[in-house]
Amino acid sequence: MAVFNLRMFRSICFWLSQIAFFQCKKLKEVEVYDGLKEIGQRAFYFTALEMINLPQSVTSLGNNAFEGCQQLKFVISHATTVPAIGSDAFDNNFKTGRKLMYPASADYSSWVSYFDTSSVLP
């Protein structure tokens, strides 16, 4: 079975449209560079993502952006201004074992209900 990895190039992609990778069930890894600002509704809906590393430039996640991502276990956000988060951006049905890491200077309290554990970045 093929596993797909996606590398987004610097300064080219500022916004991921709605349903950009909708049901790409073999998409396991995404490398996102600083410059991406918005992740649209259902952008990664039902993908096989295991981890996402969000750059400091991300300002918002759309509704259901990561819904159905059963394998998503690590979300690392580098944004010191907490990105706005749409309803059900992460699927609570699969939050067991999912960890959020974020900068110590930011208040991610609006995000923590979607995660089993959370901690500040070293």
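Here are some exercises on the predicted model above, each with a worked solution.

**Exercise 1. Get the overall layout**

Work out which elements make up the protein chain and how much of the chain is buried.

*Solution.*
- Start with the secondary structure: the protein chain has ten strands and zero helices. Read from the N terminus, the order is β-β-β-β-β-β-β-β-β-β.
- Next, look at burial. Of the 122 residues in the protein chain, 41% are buried.
- Then take the surface, which adds up to about 6500 Å² of accessible area, with 52% of it belonging to carbon and sulfur atoms.
- Last, check how far the contacts reach in sequence. Take the contacts between residues at least 6 apart: 37% of them join residues at least 24 apart.

**Exercise 2. Take apart the nonpolar core**

Find out how many residues the largest nonpolar core has, and which of them have the most contacts inside it.

*Solution.*
- The largest nonpolar core counts 29 residues, and Ile39, Phe44, Phe66 and Phe90 have the most contacts inside it.
- As for the strands behind it, S3, S5 and S9 each give this core at least two residues.
- Now zoom in on phenylalanine 66. Skip its neighbours within four places in sequence, and its contacts are Ile39, Phe44, Leu49, Ile52, Leu61, Leu72, Ala89, Phe90 and Asp91.
- Put the two lists side by side: Ile39, Phe44 and Phe90 are among the contacts of phenylalanine 66, and they also turn up among the core residues with the most contacts.

**Exercise 3. Sort out the aromatics**

Say how many aromatic pairs the structure holds, then work through the geometry of two of them.

*Solution.*
- The tally is ten aromatic pairs.
- Take tyrosine 45 and phenylalanine 46 to begin with. Their ring centres are 4.7 Å apart and their planes sit at 70°; that is over 60, so the pair is edge-to-face.
- Check the surroundings of each partner: tyrosine 45 is buried, at 15% relative accessible area, while phenylalanine 46 is partly exposed, at 31%.
- Move on to tyrosine 108 and tryptophan 111. This pair is edge-to-face as well, with 5.1 Å centre to centre and 75° between the planes.
- Here tyrosine 108 is buried at 1% relative accessible area, and tryptophan 111 is buried at 0%.
- Finally, look for the wider grouping. Phe21, Phe44, Phe66, Phe90, Tyr102, Tyr108, Trp111, Tyr114 and Phe115 make up one aromatic cluster.

**Exercise 4. Track down the salt bridge**

Identify which side chains meet in a salt bridge, and work out which parts of the chain the pair ties together.

*Solution.*
- A search through the whole structure turns up one salt bridge.
- The partners are glutamate 50 and lysine 28, with 3.0 Å from N to O.
- Place them on the chain: lysine 28 belongs to strand S3 (residues 27-31), and glutamate 50 lies in the loop between strand S4 (38-39) and strand S5 (51-54), so the pair ties together parts 22 residues apart in sequence.
- Check exposure too. Glutamate 50 is partly exposed, at 37% relative accessibility, and lysine 28 is partly exposed, at 29%.

**Exercise 5. Look at the cysteines**

Count the disulfides, then decide whether cysteine 24 and cysteine 69 are buried, partly exposed or exposed.

*Solution.*
- A disulfide needs two cysteine sulfur atoms within 2.5 Å, and by this rule the count is zero.
- Cysteine 24 has a relative accessible area of 31%, so call it partly exposed.
- Cysteine 69 has a relative accessible area of 1%, so it is buried.

**Exercise 6. Visit the loops**

Find where asparagine 64, aspartate 88 and threonine 81 sit, and say what there is to note about each.

*Solution.*
- Asparagine 64 is in the loop between strand S6 (60-61) and S7. It has a positive phi of about 55° without being a glycine, and at 12% relative accessibility it is buried.
- Aspartate 88 sits in the loop between S8 and strand S9 (99-102). Its phi is near 50°, again positive in a non-glycine residue, and it is partly exposed at 43% relative accessible area.
- Threonine 81 falls in the loop between strand S7 (74-77) and strand S8 (84-85), where it is exposed at 64% relative accessibility.
- One distance to finish: the C-alpha atoms of threonine 81 and threonine 59 are 7.7 Å apart, with their positions 22 residues apart along the chain.

Terms used. Residues are numbered from 1 along each chain as its sequence is written. This is a predicted model: local features need pLDDT of at least 70, side-chain atom pairs count only at pLDDT 80 or more; totals for chains, interfaces and linings use all residues. Side-chain values use heavy atoms; hydrogens and water are left out. Buried means under 20% relative accessible area, exposed over 50%, partly exposed in between (1.4 Å probe, protein chains only). Helices (H or I, at least four residues) and strands (E, at least two) are DSSP runs, numbered from the N terminus. A salt bridge is a side-chain nitrogen of Lys or Arg within 4 Å of a carboxyl oxygen of Asp or Glu. A nonpolar core is a set of buried Ala, Val, Leu, Ile, Met, Phe, Trp, Tyr and Cys residues joined through side-chain atoms within 4.5 Å. Contact means heavy atoms within 4.5 Å. Accessible areas come from the Shrake-Rupley method with a 1.4 Å probe; for residues, only the protein chains shown count as cover. Rings of Phe, Tyr and Trp (its six-membered ring) pair if their centres lie within 6.5 Å; planes under 30 degrees apart count as stacked, over 60 as edge-to-face and the rest as tilted.
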